[in-house]
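User: I would like to learn how to read strand pairing, backbone exceptions and burial in a model of this kind. Could we go through them one feature at a time?

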Amino acid sequence: MNLFESLRISWRNIREHKLRSTLTTLGVIIGVAAVITFVTLGASLQADIISTVAGGNAATMYVSAQSQSETGLPDIGGGGQTVLTKHDMDGIRSLQGVEAAVPESGVAASTVEFNNSTVGRQWVVVTTPPYFDVRNQDFVSGGSFQSGEREVVLNRPAVSMFGEENVTVGDNITVTRAAGGERVNATVVGIVEPTDQSALGISEGASPQIYAPTDPFYQRTVYSPSANENQRVYGRALVLAESPSQVDSVQGRVYTYLGEQSDARELKSDSYRFKVTTQDELVNQVRQVSNTFTAYITGIALISLVVGAIGIANIMLVSVTERTREIGIMKAVGARNNDVLQLFLFEAVLLGLFGSAVGALVGLGGGYVAASIIGLPLAFRPEWFGIAVAVGVLVGVLAGIYPAWDAAQTDPIDALRYE
C-alpha cells in the first residue's frame, strides 16, 4: 500500500468519526494553545520590559555597593549600602567620558499634606537638579527644583494622590519626615511624566513619586577620609556617559576609581562589592528572569499535551479493537504488517497534527487577547509555531505507535473470527 492510499484511508476514518476525532484532539489543542499563549505573553512582557529599561537611557549606568548575595540590579534604600560621599560624586564626574553624575537616595515621609488632604507613608527621592536630564524625564509643566530651596517635583500620578483636588505648579505641600517628625513646607515647581523605570529597572506604572533636592531635605552625613570632613552620603549614583559607545570604557573607569580613590572603598563592608550596572546588563538580567518565568509556566502547560497524547493512544487502541475484522480482511487480501502499521500510525499522526495546528491558532488568539487586556505590545516567537507542529507530529507518533504495532500483529484468522 502506497503512502497516498494510507493517508486517504486514515483521513476517511477520521472523517467518519468526527465527534470522536474532535474530542480526541481536544487535549492536544488545549495543550498547544496554552503553550503558545504563555510563550506569546512572555515574549510580549519581555519586549515591554526591555524597551522600558533600554529606551532613551542607553548611556546611563547605575553605581552602588551591594552585598554578594544580591542580584546586581540597582537599588534605592534597599539592600545596598549608603557609602558614596560628595567627594566620590565629584570624583566620578571628573572621569573621562562622563557627561553627568547625580546622587540618589531616599527619605521616608510619614505623611504628605496638601490643603486639607493627607496621604500616608511616601518615599521621597532626593537628588540634584540634573537628575531629570540623566533619567530622560519630560516635564509636563514647570521645571526642576533648585539646590538649597524648599522645592519639590511630582510625577503625574502624584498630582492626583490627594483626592479630588489636583496639585499644580506653585502649590505648597508639607512633608513630614518619618525619622524625627520634622515638617518641611515645600513648593511644587515641576510635574514630570512617570519614570519608565524603577530602581529595579522594571516599570513603575502609575506609582506616585516625589522628588526633592538633597539640600535641604537630606541630612545624612558620614566622615569623608579624603576630604577630612563630614559630607552627605548617598545610596547610589546615576552616571551618564557622553555617548552609548563610551559606556564600556566609562564603566571601567568608574570601577577603577571606586576601588582605588573613593571614600566608598573604606566605608563599605567587606561583604559588599561595587556594582556599576549598564543598560545592557539590566536588559540581560530582565531577559533571563523573563525566560525562566516563561519556561516554568510553559512546562506546566505541557502537562496538557501529555493528557492529549494519552487520549490519542486510548482512542487508537479502541479503534484497533473496533476494526479487528477490517484488519483481518486487509491481511487476507494481501496487506502486510507494515501496511497496517502505516495505516494506524498515519491516523494518529493526523490527529496530533490537526490538534497542534488548531491549538497554535487558538494560542495565538489567546496571546493577543491576554496581551491586550494587560496592555502589553504584542510580540510573537515564530519558531514556536514550528515547534507546535513538530510536537503535534511527535505526540501522534508516540501515542499511535503501540496501537499501530498491536494492529499489525493481529492474526488474520483470529481477526476474521472476531465478532
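User: Which residue stands opposite Thr221 in β12?

Analyst: This is a predicted model, and what follows should be read with that in mind. Thr221 stands opposite Arg232 in β12. Strand β11 covers residues 221-224, and 4 bridges join β11 to β12 in an antiparallel arrangement. Within this pairing, Tyr223 has Asn230 of β12 as its bridge partner.

User: What lies between β11 and β12 in their hairpin, and which residue there takes a positive phi?

Analyst: The general background is that most residues other than glycine have a negative phi, and most peptide bonds are trans. In the hairpin of β11 and β12, 4 residues lie between the strands, and Asn228 takes a positive phi near 55°.

User: How is the sheet that contains β12 ordered?

Analyst: A useful idea for any sheet is that the side chains of a regular strand alternate between its two faces. Here, 3 strands form an open sheet with antiparallel pairing, in the order β2-β12-β11. Because β2 and β11 stand at the edges with a single partner strand each, one side of each is left without a neighbour in the sheet. The pairing of β2 (residues 84-85) with β12 (residues 229-234) is antiparallel and rests on 2 bridges, with Tyr234 of β12 serving as the bridge partner of Leu84.

User: Where do I find Asn115 and Asn136, and what is the sign of phi in each?

Analyst: Asn115 belongs to the loop between β3 (98-114) and β4 (117-119), and its phi is positive, near 55°, although the residue is other than glycine. Asn115 is exposed, with a relative accessible area of 51%. Asn136 is found in the loop between α4 (131-134) and β6 (139-142); its phi is also positive, at about 60°, and Asn136 is not a glycine either. With a relative accessible area of 44%, Asn136 is partly exposed.

User: Is the peptide bond from Asp215 to Pro216 cis or trans?

Analyst: The bond from Asp215 to Pro216 is cis, with omega near 20°. Pro216 itself has its place in helix α6, which spans residues 214-217.

User: Which residues of helix α10 are buried, and how do they lie around its axis?

Analyst: In α10 (residues 324-332) the buried residues are Thr324, Ile327, Gly328, Met330 and Lys331. Seen down the axis of α10, these buried residues fall within an arc of 160°, so they line one face of the helix. After α10 comes Gly334, whose phi is positive, near 115°.

User: Is Arg236 buried or exposed, and what does its side chain contact?

Analyst: Arg236 is in strand β13, residues 236-241. Its relative accessibility is 1%, so Arg236 counts as buried, the cut-off being under 20%. The side chain of Arg236 makes a polar contact with the side chain of Glu104, at 2.5 Å.

User: What share of the residues counts as buried in the protein chain, and how many helices and strands are there?

Analyst: Of the 419 residues, 48% count as buried, and the secondary structure of the chain comes to 13 helices and 14 strands. Among contacts with a separation of 6 or more, 78% are accounted for by residues 24 or more positions apart. The accessible surface of the chain is about 19,600 Å², and 57% of that surface belongs to carbon and sulfur atoms.

Key: Residues numbered from 1 in each chain as written. Predicted model: local features only at pLDDT ≥ 70, side-chain atom pairs only at ≥ 80, totals over all residues. Heavy atoms only, no water. Pairing = 2+ DSSP bridges. Buried < 20%, exposed > 50% of the residue type's maximum accessible area, 1.4 Å probe, protein only. Contact = heavy atoms within 4.5 Å. Areas by Shrake-Rupley, 256 points an atom, 1.4 Å probe, with all protein chains shown as cover. Polar contact = N/O pair within 3.5 Å; in protein donor to acceptor, adjacent residues only side chain to side chain. Arc of directions from axis to C-beta.
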